[in-house]
Amino acid sequence: MAIAKALSVREEVVKERLGLTSNYAAAYAVKSVDVDVIAAYPITPQTTIIEKLAEFVANGEIDAEYIPVESEHSALSAVVGAAATGARVFTATSAQGLEFMHEVLYIASGLRLPIVMAVPGRALSAPISIHGDYQDIMSARDSGWIVMIASSAQEVYDSIIMAYRIAEDSRVLLPVMVSYDGFLMSHTTEPVEIYHEDYVRKFTPRNLNRHRLDPRKPITIGVIASPDWYYEIKYQVINALKESKSMIKEVHDEFNKTFGTNYDIVERYMIDDADYVLITYGGASSGNAKEAAIRAREKGLRAGVLRIRLFRPFPTDEVVNAIKDAKAVAVIDRALSPGNTYEGPVFNDVVSALYSRGIDKPIISVIHGISQRTMLVDDFYNLYKTLDEYARTGEYPRKTIFMGLRGGEA
Amino acid sequence: MKMYFRTIKDLPLDEYYGPGQLTCAGCGPSIAVRWLLKAAGSDVIVVNATGCIEVTTTSYPYTAWSVPYLHVAFENSAAAASGVESALKVLRRKGILDTKAKVMVIAGDGGTYDIGLQALSGMLERGHGVLYVLYDNEAYMNTGIQRSGGTPHFAWTTTSPVGSKLRGKVQRKKDIMSIVIGHHIPYAATANIAYPIDLANKVKTALDYLDEGPAFIHVLAPCPPGWRYPEEMTVEIARLATETGYFPLYEWDHGRIRFNPPSNAHFDKSRRKPIIEYLKRQGRFAHLTEEDIKEIEKEIDEYWDYLARLAKAFG
């Protein structure tokens with residue numbers, strides 16, 4: 001019944017089905033929310049988003065100011081200014097661009113500005129690499145933004161629509177990053193169902209009832225705070241991010257109801273009875289893990305996948321609940337945290353989530369897909385077999401495994 | 001420039017820059033901001049770069065600003081202002097906001113000559129209708145007197161100290177006006193806190209041009225602790241900067257250059273006061289030798305020669 005209902009909702013809301021890359025899907029989402037100001041600077045693999053948006057603006061399909069800035073630092077600064085004036089804004093970047101914005105990331109969250117940014121993840125220099133991983137996102141992790149990581153072009157489209165609703169919610173007022181695989185998604189065409197704009201606009205009403213620059217009601221934004229005040233003001237941001245989780249879930253529920261989708265802040269794949277769980281994020285890792293889980297199940301292993309869709313705030317309860325009964329878990333990171341006890345950044349998040357609930361179990365940190373190093377389904381399938389072995393022997397490596405590394409310790 | 005104000009009494013009594021802010025006694029930039037806001041009126045949004053004015057006027061939970069004010073960071077006030085201006089434009093067009101507010105950047109020399117130059121150039125090139133006001137106190141005063149691209153030749157700062165081998169700043173002051181004019185914007189002008197009527201008229205003129213594109217005003221604003229002079233001398237020293245020809249007052253208005261009094265008489269060197277009158281009052285120049293002073297004089301002459309050629313070509 002639920003499926004039949006979802007299908008009929010879909011029929012009503014979907015305007016057309018297009019072949020779109022995740023980048024184009026992002027641009028279509030931005031178009032559908034009646035964006036006001038776009039500030040953009042080219043960088044691979046993000047560039048095709050802002051090219052598509054420039055086309056929309058040039059053809060009059062979007063009534064927006066498009067600011068072709070001279071750097072990513074200015075891109076984020078310009079949308080900070082525009083958002084502070086009450087506009088609905090968008091920008092996008094990757095890798096070095098996100099690093100160049102870094103200073104302003106913290107300012108955007110500190111000023112509580114509802115900014116939406118798409119970030120197809122990419123490796124960081126040096127050596128320079130234009131290829132995909134999630135190192136850029138990890139470096140922006142502590143900046144106070146809400147971070148979602150999508151795994152399909154449809155999900156990119158849907159997440160950006162949700163992001164506007166979340167960011168502008170008066171109870172949230174935080175910037176939102178929607179990330180996904182550089183190249184493997186940003187440049188891969190998939191079918192995407194585009195909604196009738198009136199449904200999207202109804203779902204994303206403007207919120208002008210927030211702090212903004214208005215001569216009729218002058219306020220000062222961007223003050224200096226002495227040590228007497230800084231801590232408390234910063235704590236408000238920390239708290240807002242933590243509290244935003246329930247609002248984000250609420251928006252997910254409402255989105256599912258309105259658009260006949262089935263999103264949650266984590267995706268549970270064959271996990272209810274799973275003994276062995278791979279925790280992933282993004283498109284390629286999650287797709288491979290799911291394939292591998294099917295294969296492992298055929299071989300009699302109870303395999304499952306937990307995909308982290310909402311990365312910040314971290315879905316602690318959802319992660320713990322999904323894996324608390326598993327016999328062994330691996331966290332696949334497409335990013336690095338050099339010099340840490342374990343080099344997988346999300347592994348460290350998962351372990352601290354488990355620790356917070358007093359759970360200790362075999363869990364391993366796996367690095368893969370760095371700078372888009374090919375990840376094979378076999379690699380993931382072998383991980384399930386390894387997890388089985390670890391669970392049976394109780395012996396498992398207490399250091400990060402670097403998969404696919406030549407001459408390394410795979 | 002249009003003459004909106006003829007005497008000091010024509011300036012509005014309204015104050016948009018509150019008392020009790022934390023600038024030093026005799027602060028030149030503070031005087032500049034007070035005049036700027038008087039001239040601009042209430043329908044303005046200020047975007048301020050990190051710097052002296054920012055840290056002294058927005059100490060939470062207080063603010064000195066009774067117009068809407070945004071500070072983002074040091075190097076990006078022009079970019080943030082581009083966003084504010086674009087937002088006003090599109091929200092007006094869509095009928096979402098009904099406002100005629102103008103956008104004004106206030107940034108120091110560090111935030112303009114150096115770290116903010118890229119964002120400024122981008123804003124000018126893209127043609128945003130923003131008035132960018134540079135208050136030039138000729139060094140990074142907020143961090144404690146370090147040299148910037150706006151610091152003059154030979155001036156002492158903590159990073160251009162007077163030592164046995166190097167004596168003050170080795171390089172000359174960057175010609176920011178020529179850089180700005182190179183963007184072919186509608187209006188650019190120099191101004192000086194010692195000439196408030198001239199300054200106020202330039203602000204009004206600039207604001208009226210914003211529908212066409214960006215405007216820029218370079219305001220000289222002396223700094224008692226940084227320039228090493230007694231705080232009651234600020235306006236006098238500022239005036240000497242113009243009277244000696246060190247800081248000429250002029251406007252670039254739609255491709256024409258015009259010199260304002262008293263600088264319009266200063267092509268004739270004999271009408272300028274000797275530069276020593278300006279230099280000798282400031283501790284940052286206390287180490288200058290006769291030769292150094294001659295060198296500065298020569299540089300000012302060269303600058304006037306350049307200006308004369310500009311005036312000839314574009315007057």
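**Chain architecture, domain contact and chain interface**

Chain A comprises 14 helices and 16 strands in this predicted model. The C-alpha trace of chain A extends about 70 × 55 × 40 Å along its principal axes. A compact globule of 410 residues would be expected to have a radius of gyration near 22 Å, and the value of 21 Å computed for chain A therefore agrees with that expectation. Of the 410 residues of chain A, 56% are classed as buried. When contacts in chain A are restricted to residues at least 6 apart in sequence, 80% of them link residues at least 24 apart.

The domain assignment divides chain A into domain 1, covering residues 2-259, and domain 2, covering residues 266-402. Between the C-alpha centres of domain 1 and domain 2 of chain A the separation is 27 Å. The contact between these domains involves 28 residues from domain 1 of chain A and 21 residues from domain 2 of chain A. On the domain 1 side of this contact, at least two residues each are supplied by α7 (135-139), β6 (146-149), β7 (176-181) and α10 (230-259) of chain A. The greatest contribution to that side comes from α10(A), with five residues. By class, the side of domain 1 of chain A that touches domain 2 of chain A consists of 15 nonpolar, eight polar and five charged residues.

The contact between the two chains draws on 39 residues from chain A and 43 residues from chain B. On the side of chain A that touches chain B, two or more residues are given by each of the elements β2 (37-39), β3 (65-67), α4 (72-84), α6 (102-110) and β9 (220-221) of chain A. Of these elements, α4(A) gives the most, with nine residues. The class composition of the side of chain A that touches chain B is 23 nonpolar, 10 polar and six charged residues.

Strand pairing also connects the two chains. Strand β9(A) is joined by two bridges to strand β2 of chain B (residues 69-71), and the two strands run parallel. Within this pairing, A:Thr220 is placed opposite B:Tyr69 of β2(B). Strand β9(A), residues 220-221, is thus listed among the elements that give two or more residues to the side of chain A that touches chain B, and β9(A) also forms the two bridges to β2(B).

How values were computed: Residues are numbered from 1 along each chain as its sequence is written. Chains are lettered from A and ligands numbered from 1 in the order in which they are written. This is a predicted model: local features need pLDDT of at least 70, side-chain atom pairs count only at pLDDT 80 or more; totals for chains, interfaces and linings use all residues. Two residues are in contact if their C-beta atoms, placed from the backbone, lie within 7 Å. Helices (H or I, at least four residues) and strands (E, at least two) are DSSP runs, numbered from the N terminus. Ala, Val, Leu, Ile, Met, Phe, Trp, Tyr, Cys and Pro count as nonpolar, Asp, Glu, Lys and Arg as charged, and the others, Gly among them, as polar. Two strands pair if DSSP finds at least two bridges between them. Domain bounds come from an automatic or database domain assignment. The radius of gyration is taken over C-alpha atoms; the globule rule is 2.2 Å times the number of residues to the power 0.38. A residue is buried if 20 or more other C-beta atoms lie within 10 Å of its own, exposed if 12 or fewer, and partly exposed in between; C-beta atoms are placed from the backbone.
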